[in-house]
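I am opening a fresh page for this protein. I will go through the model a piece at a time and jot down what I look up.

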Amino acid sequence: MQSHHITLDSSSSAAGSDGLEVKCNGMRARNSTLLCVPIMAETVDQMVIDMGEAKAVGADLVEIRLDCLKVFNHNQDLKRLVKECPLPTLFSYRPIWEGGQYDGDEKTRLDALRLAIELGADYIDVELQVAREFIDSINGKKPETLKVIVSSHNFQDTPSVEALGNLVARIQASGADIVKIATTSLDITDVARTFQITVHSQVPFIGLVLGERGLISRILSAKFGGYLTYGTLESGIVSAPTQPTVKDLLHLYNFRQIGPDTKVFGVISKPVSHSKSPKLYNEVFNSVGFNGVYAHLLVDDIAKFFQTYSCMDFAGFSVGIPHKEAAVKCCDEVDPVAKSIGAINCIIRRPTDGKLYGFNTDYVGAISAIEEGLKGSPNAGSVTGSPLAGRLFVVIGAGGASKALAYGAKQKGARILIANRTYDRARELADTVGGDAVSLADLGNIPPEDGMILANTTSIGMQPNVGDTPLSKHALKYYSLVFDAIYTPKMTRLLREAEECGVTIVSGLEMFIGQAYEQFEKFTGLPAPKKLFRKVMENHS
């Protein structure tokens, strides 16, 4: 089996978009990749409304999916769609056998596409299976400005680079002006093969990898020279699973500002869609003029991810649950503090030698937020030392974040108690940091003492399971402060119930912002604009 190690020179792609200059805030965009909105309404009236909306949100063209129309009068409807569309038009009439909705006869379907060409369509998308015959049928009648996209959709997997290369050759041989290949992601590393094909393609190429693991195929098509990418008008109405909206592409990922030399950053986690990191970093990158893009990376196997995306442009990563401990083994060097913790939440690729360097900024953000919270509460401890000194610090969970918090609190002089669903894991972590252990089921029965602190580092209570809590309300009254590492939602059930008991609470947002300052500085080499970070997070929380 061939290696999927990816070495990309994203400046070498041949694909362009016919001199159609894309502008962004009056500046020339850093890429020529077009943004296309699939129009999938069931009526022509709604399609016309949606096309106007697509122009308003900043799309470059629309794909009119004729197979979605419940009633379709070829001549009359196509005339209207071409005439009333404020953007260039791409017509497709997708049959059921290629993932669409049309199940009538082929001649009627292809006749409709031929009519769209006569009436002034800018692009036609036709499936490889019928492409040669279709292109032969318009030979001599094809307007000079019309581009034929020949597409192939694979809803099972993403083939090898060799197989994809052969498929590109077959599509080219059919007479395509533009090659489109959509595959399915079983792992995020599948996308690397599509990037490789995009970069080396000698013809305009559209490469999409479907599914949440394939999201970066849409965002980074602008970096690697894809001809166009797709974004929906609103989330939920999608022509392919987990397709981003045009608004997200333009305003969350700053799509027009992504170019061949843009550095790629992201949050490696599973699950990952809840993370607010892309909102935070992309907005700050944009504000300070840093040429980077930050994405959600749904990663199953972190070692495989780093083996595959080994080029210098994949420059820095935040590491989330459940990869914080496994990530240590992926690094060439690990910061001594992170080494003692045995978990990292930040990896940078050193520009000098490409080596991966791991850090842990989790505990700094969390511990300083908890100390701040205690300063405003009774029993705040001595003025000189940490307010944590001498207190019982209860950590729920036994993963990477738990280890970081336990280690950080221990350094400040706290006594540590680890509570976990499986007692053995709790015992193991307690032995590592020098503390005691208890099973989560027994945590409510420990003898209360003054000034106890509770820190939840598990995902219990995180969206969508917001009704869950790791500890019953009646046990919370014995604590002087409760911290929850979850920040989606900002007010978890655990924090809400603690507050109702009169306990000081600290939200995971504080830990998130604290560790983000440090990561930003490691990613960019620039000082973190702290006020801007807070402002962005307040706008999004």
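**Entry 1: How far to trust it**

I started with confidence, and I found that residues 11-27 keep a pLDDT under 50. For that stretch the model has 38 contacts beyond four places in sequence. This is a predicted model, so I wanted the overall score too. The protein averages a pLDDT of 91, and 91% of the residues score at least 70.

**Entry 2: The sheet of 8 strands**

Next I traced an open sheet of 8 strands. I read its order as 9-8-7-6-5-4-3-10, and the pairing is parallel. Strand 9 (205-210) and strand 10 (228-230) are the edge strands, each pairing on one side only. I looked up the twist as well: on average, neighbouring strands of this sheet are turned by 25° against each other, direction ignored.

I then picked one pair to follow. Strand 6 (residues 123-127) and strand 7 (residues 147-153) run parallel and are joined by 5 bridges. Which residue of strand 7 does Y123 stand opposite? I found K147 there.

Two helices on this sheet caught my eye. Helix 3 (residues 106-118) packs on the sheet and touches strand 5 (89-92) and strand 6. The direction of helix 3 makes about 160° with that of strand 6. Helix 4 (residues 128-137) also packs on the sheet, touching strand 6 and strand 7. For helix 4, I noted an angle of about 125° with the direction of strand 6.

**Entry 3: The sheet of 6 strands**

I moved on to an open sheet of 6 strands, with the order 12-11-13-15-16-14 and mixed pairing. I noted strand 12 (292-298) and strand 14 (333-334) as the edge strands, each with pairing on one side only. Strand 14 pairs with strand 16 (residues 356-359) in the parallel sense, over 2 bridges. At one of these places, V334 has G358 in strand 16 as its bridge partner.

Helix 10 packs on this sheet, where I see it touch strand 11, strand 12 and strand 13. The direction of helix 10 makes about 170° with that of strand 12. Helix 19 lies across strand 11, strand 12, strand 13, strand 15 (346-349) and strand 16. I noted that helix 19 runs at about 10° to strand 15.

**Entry 4: The largest pocket**

I looked for open space next. The largest pocket has a volume of about 930 Å³. I found 44 residues lining this pocket, and the closest to its centre are G320, I321, K324, A401 and T457.

Which element gives the largest share of the lining? My note says helix 19, with 5 residues. Among the elements that each supply at least two residues are strand 11 (263-269), helix 10 (277-288), strand 13 (314-319) and helix 19 (508-524). Helix 15 (400-411) and strand 18 (415-420) also supply at least two residues each. By class, I read 18 nonpolar, 20 polar and 6 charged residues in the lining of this pocket.

**Entry 5: The cavities**

I then checked for closed space and counted 2 cavities of 30 Å³ or more.

The largest cavity has a volume of about 60 Å³. I listed its lining as L443, G444, I446, P448, M452, L471, A475, Y478 and Y479. That lining divides into 8 nonpolar residues, 1 polar and no charged.

The second largest cavity holds about 30 Å³ of space. I found T194, F195, T198, G207, S217 and S221 lining the second largest cavity. Helix 6 (residues 190-200) gives the most to that lining, with 3 residues. By class, I read 1 nonpolar, 5 polar and no charged residues there.

**Entry 6: Backbone oddities**

Last, I looked at the backbone with a general reminder in mind: most residues other than glycine have a negative phi, and most peptide bonds are trans.

Which peptide bond leading into P464 is cis? I found the bond from Q463 to P464, with omega near 5°. P464 sits in the loop between strand 20 (452-456) and helix 17 (473-476). The peptide bond from T488 to P489 is cis as well, with omega near 5°. I placed P489 in the loop between strand 21 (479-484) and helix 18 (493-500).

My last stop was N254, a residue other than glycine with a positive phi, near 50°. N254 lies in the loop between helix 9 (246-252) and strand 11.

How values were computed:
Residues are numbered from 1 along each chain as its sequence is written. This is a predicted model: local features need pLDDT of at least 70, side-chain atom pairs count only at pLDDT 80 or more; totals for chains, interfaces and linings use all residues. Side-chain values use heavy atoms; hydrogens and water are left out. pLDDT is the predictor's confidence in each residue, from 0 to 100. Contact means heavy atoms within 4.5 Å. Two strands pair if DSSP finds at least two bridges between them. Helices (H or I, at least four residues) and strands (E, at least two) are DSSP runs, numbered from the N terminus. Axes are lines fitted to C-alpha atoms, for helices over the stretch in contact, and angles run from 0 to 180 degrees between N-to-C directions. On a 1 Å grid over the protein atoms alone, a cavity is a set of points where a 1.4 Å probe fits but cannot get out, and a pocket is an open set with protein on both sides within 12 Å along at least five of seven lines; lining residues have an atom within 4 Å of a point. Grid points are joined across faces, edges and corners, and a volume is the space filled by probe spheres set on the points. Ala, Val, Leu, Ile, Met, Phe, Trp, Tyr, Cys and Pro count as nonpolar, Asp, Glu, Lys and Arg as charged, and the others, Gly among them, as polar.
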